[in-house]
Amino acid sequence: MSPIFREMKELGRRHFIQRAALAGAGLACASVPLAGARAQSMNAVELDPRLLARAGAALAKHGDKIFSRDLLAIADFSQPSGLPRFHLFNMIDGTNTTLLVSHGIGSDRTHSGRLQQFSNIPGSEATSAGAYLIGETYYGKYGASRRLIGLDPENDQAENRAIVIHPARYVSQSMVATQGKVGRSQGCFAFSFDDIGQVLSRLAPGSLLYADKLS
């Protein structure tokens, strides 16, 4: 391991320990809009310290692969899709931004708006739990998108399944207003066109995305 990478790894570890402690005290969980970003919904979901701790464990487990540590992305699939449940947690200052995100058709066959189950099986069209490495940007049928590499046995088929971050018209505040939920993906993390720019600009390649559901 190079001295520079070792220094970055140690810096990221210290930041996580500091911010996780604040989150446990309830001080780092408020949704704080960044300058230039649109204001957060009044229904924004606070980041559960248990999920933050699980994401921290994933960071420690896969630390040699995670080289961008300023931001942690956490998808809280305990929450319904009509609530902003995707967290962009700033490891440096402890602020948190929440956004709408879809789950897969295979995770919610009746379109209840709630994720019922995870699956890693190709063809399941379901969301997979676990830690993902944020990959490169590419331009597909939805426009600018970001590849994902599954790091755990629960999501190691992500690349084969083409599970990615992308925008979609079935994710929007207006859809929530009329239907109380957003549409479903084929297992991808789909965002509104209003939010995808922020996601791609802030969540750099080499970052960690952690997806889970609290029982």
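In this tour, helices (H or I, at least four residues) and strands (E, at least two) are DSSP runs, counted from the N terminus. By that count, L115 falls in the loop between strand 3 and strand 4. We will come back to L115. Please keep in mind that the model is predicted.

**Stop 1: the whole chain**

Start with a cartoon view of everything. You should find 4 helices and 8 strands. Reading from the N terminus, the elements follow the order α-α-β-β-β-β-β-β-α-β-α-β. Now switch to a surface view. The chain exposes about 9,700 Å², with carbon and sulfur atoms supplying 54% of that area. Of the 215 residues, 54% count as buried. If you colour contacts by sequence separation, look at those with a separation of 6 or more: 62% of them join residues 24 or more positions apart.

**Stop 2: the sheet**

Select the strands next. In what order do the 8 strands of the open sheet lie? The order is 3-2-1-8-4-5-6-7, and the pairing is mixed. At the edges you will find strand 3 (96-99) and strand 7 (189-191), each of which pairs on one side only. Turn the view slowly and compare neighbours: on average they are turned by 25° against each other, direction ignored. As a reminder, strands of a sheet pair through backbone hydrogen bonds, either parallel or antiparallel.

**Stop 3: helix 2**

Add residues 49-61, which make up helix 2. Helix 2 lies across strand 1 (71-76), strand 2 (86-90), strand 4 and strand 8 (208-212). Against strand 8, helix 2 runs at about 130°.

**Stop 4: strands 4, 5 and 6**

Hide the helix and select residues 130-140 and 143-150, which are strand 4 and strand 5. This pair is antiparallel, with 7 bridges. A hairpin of 2 residues joins strand 4 to strand 5. Two places help you get your bearings: T137 stands opposite R146 of strand 5, and the bridge partner of Y138 in strand 5 is S145.

Now show the side chains of Y138 and R147. What sits over the ring of Y138? It is the charged end of R147, 4.1 Å from the centre of the ring. On the backbone, R147 has V164 in strand 6 as its bridge partner. Strand 6 (residues 164-167) pairs with strand 5 in the antiparallel sense over 2 bridges.

For another arrangement of this kind, select R169 and F193: the charged end of R169 sits over the ring of F193, 4.4 Å from its centre.

**Stop 5: the aromatic cluster**

The structure holds 4 aromatic pairs. Show F77, F118, Y132 and F189 as sticks, and you will see a cluster linked by ring pairs.

Begin with F77 and F118. Their pair is edge-to-face, with 6.2 Å centre to centre and 75° between the planes. F77 is in the loop between strand 1 and strand 2, while F118 is in the loop between strand 3 and strand 4, 41 residues apart. Are these two rings buried or exposed? F77 counts as buried because its relative accessibility is 1%, below the 20% cut-off. F118 is partly exposed, with a relative accessible area of 29%.

Then swing over to F189. The ring centres of F77 and F189 are 6.1 Å apart and their planes meet at 40°, so this pair is tilted. F189 belongs to strand 7 and F77 to the loop between strand 1 and strand 2, so the pair ties together parts 112 residues apart in sequence. F189 is buried, at 1% relative accessible area.

**Stop 6: back to L115**

Finish by centring the view on L115, in the loop between strand 3 and strand 4. L115 is buried, with a relative accessible area of 1%. Which residues does L115 contact, leaving aside neighbours within four places in sequence? They are F77, H103, S107, T127 and K213. F77 is a member of the ring cluster from the previous stop. As for T127, draw a line between C-alpha atoms: T127 and L115 are 12 residues apart along the chain, and these atoms are separated by 8.3 Å.

Note on methods. Residues numbered from 1 in each chain as written. Predicted model: local features only at pLDDT ≥ 70, side-chain atom pairs only at ≥ 80, totals over all residues. Heavy atoms only, no water. Pairing = 2+ DSSP bridges. Axes fitted to C-alpha atoms, helices over the stretch in contact; angles between N-to-C directions. Contact = heavy atoms within 4.5 Å. Buried < 20%, exposed > 50% of the residue type's maximum accessible area, 1.4 Å probe, protein only. Areas by Shrake-Rupley, 256 points an atom, 1.4 Å probe, with all protein chains shown as cover. Phe/Tyr/Trp six-rings, centres within 6.5 Å; stacked < 30°, edge-to-face > 60°. Lys NZ or Arg CZ within 6 Å of the ring centre and 35° of its normal.
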